[in-house]
Amino acid sequence: MATLAGLALLGPVGAHAADINLSLGSCPVGCTAYTWSAGIADVINREVKGVRATAEETKGYVENIKLLQRGEMEAAMATSLSSYQAYSGTGTFSGGKKGEILSWMAITPVAMHVVTLADSPIKTWPTSRASGSAWGSRRHLDARCRFDDGDARAQARYRLQAVPGAPWQHDGHAGRWQPGCGAVERQLPASPLKKLTSQREIRLLPVPQPVFDKHQAAYPPYFRVTIPGKLYEGVTQDTPTFGLANGLVILKSVPENLVYDMTKAVFENLGKLKGVHPAFGRVSKDTVLNGFGAPLHPGALKYYREIGVPGIEEFVARTSR
């Protein structure tokens, strides 16, 4: 059995004389990321000769990064924020070895929802010091389901009235919920929010551009996302917001030719993968870079250049600084 360390000596992937084991970290069996990983592993096994890919059950995205850092798997599902922090040795992964985990492909966005009840007096982005600073520039937007900046009065004012089955605190009129907070497999549409709209009329508040600009400056993996109108009952207009990507990351040590062939195999089989999970039906060369702040693996970069991914050179320049 060949090892990844020896792959670079074997030439093109199709010419590999021995099987290569490749582990794809996901999450507990039954979650969406496991379904994604299993589908991708199946495509790789059918389309890339000499590679044996396996979707590995894990405890989730944070553990996936740690497993990659320990060399216990070669690729994994992760949020674009955690992969950026692992690459740069910041945040949750401060002090870790930098530059070892690279971007591969974005699958689907995790969008920030800023929600108010339809009869609330709040009709635009809250203007208080607490709400503006906490929602506009702090990483915990990705990590928590409740507003929390130490100001009890601000929390009381800007939390959504609790509804049975909805993930909000009591008292107040407005709040926010980010799909994936506590359940990483959720993406647009957010099922708890759809359930909420069957009980109460709501409004989604657009995130102003200056707020997004400030947040992205502090945390590059965040990118602009639009929540489509009519996705939720009673919400007819498109709502600009921001979010992260759920996607694949991969070790720098995996050889370029292998990553190139695996990337090509996935992209040429997105139609089949759509039957595994509908999220693959929204993957395209227009979305594959969404949210990534860490550089692309050279093998993925080579393929994306070939197919003309929009903004690829700007992405390379930005992530190479």
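Start with the salt bridges: this predicted model holds five of them. Let's visit some, then move on to the strands.

**Stop 1: R70 and E72**

Select R70 and E72 and show their side chains. They meet in a salt bridge, at 2.8 Å from N to O. Now switch on a surface and look at each partner. R70 is exposed, with a relative accessible area of 51%. E72, at 47%, counts as partly exposed. The cut-off explains the two labels: exposed means over 50%, so R70 gets that word and E72 does not.

**Stop 2: R305 and E313**

Next, pick R305 and E313. Their side chains form a salt bridge too, with N to O at 2.9 Å. Both ends are partly exposed here: R305 has a relative accessible area of 41%, and E313 comes in at 44%.

**Stop 3: helix α11**

Select residues 312–319, which make up helix α11. Inside that helix, find E314 and R318. How many residues apart are they? Four, which is about one turn of the helix. Their side chains meet in a salt bridge at 3.4 Å, N to O. With the surface on, E314 is partly exposed at 46% relative accessible area, and R318 is partly exposed as well, at 31%.

While you're on salt bridges, select D42, R46 and E47. These residues are joined into one network by salt bridges that share partners.

**Stop 4: strand β9**

Now colour residues 239–251, strand β9. Is this strand mostly covered or mostly open? Mostly covered: twelve of its 13 residues are buried.

Bring in the strands that pair with β9, one at a time:

- Strand β3, residues 75–79, pairs with β9 in the antiparallel sense over five bridges. To find a spot where they meet, select A78 and its bridge partner in β9, G247.
- Strand β4, residues 101–111, is also antiparallel to β9, with nine bridges between the two. Here, try T108, whose bridge partner in β9 is N246.
- Strand β8, residues 223–227, is another antiparallel partner of β9, joined over five bridges. Pick T226 and you'll find P240 of β9 standing opposite.

**Stop 5: A78, in β3**

Go back to A78 in strand β3 and zoom in. At 1% relative accessibility, A78 counts as buried. What is A78 in contact with, leaving aside neighbours within four places in sequence? Show Y61, I65, A245, N246, G247 and V249. You've already met G247 as the bridge partner of A78, and N246 as the partner of T108.

Then measure across to I250 with your distance tool, C-alpha to C-alpha. A78 and I250 are 172 residues apart in sequence and 9.9 Å apart in space.

**Stop 6: K230, in the loop**

Finish in the loop between β8 and β9, where you'll find K230. What is unusual about its backbone? Most residues other than glycine have a negative phi. K230 isn't a glycine, yet its phi is positive, about 70 degrees. Turn the surface back on and check its side of the story: K230 is exposed, with a relative accessible area of 71%. Compare that with β9, the strand after this loop, where twelve of 13 residues are buried.

Note on methods:
Residues numbered from 1 in each chain as written. Predicted model: local features only at pLDDT ≥ 70, side-chain atom pairs only at ≥ 80, totals over all residues. Heavy atoms only, no water. Buried < 20%, exposed > 50% of the residue type's maximum accessible area, 1.4 Å probe, protein only. Pairing = 2+ DSSP bridges. Salt bridge = Lys/Arg side-chain N within 4 Å of Asp/Glu carboxyl O. Contact = heavy atoms within 4.5 Å.
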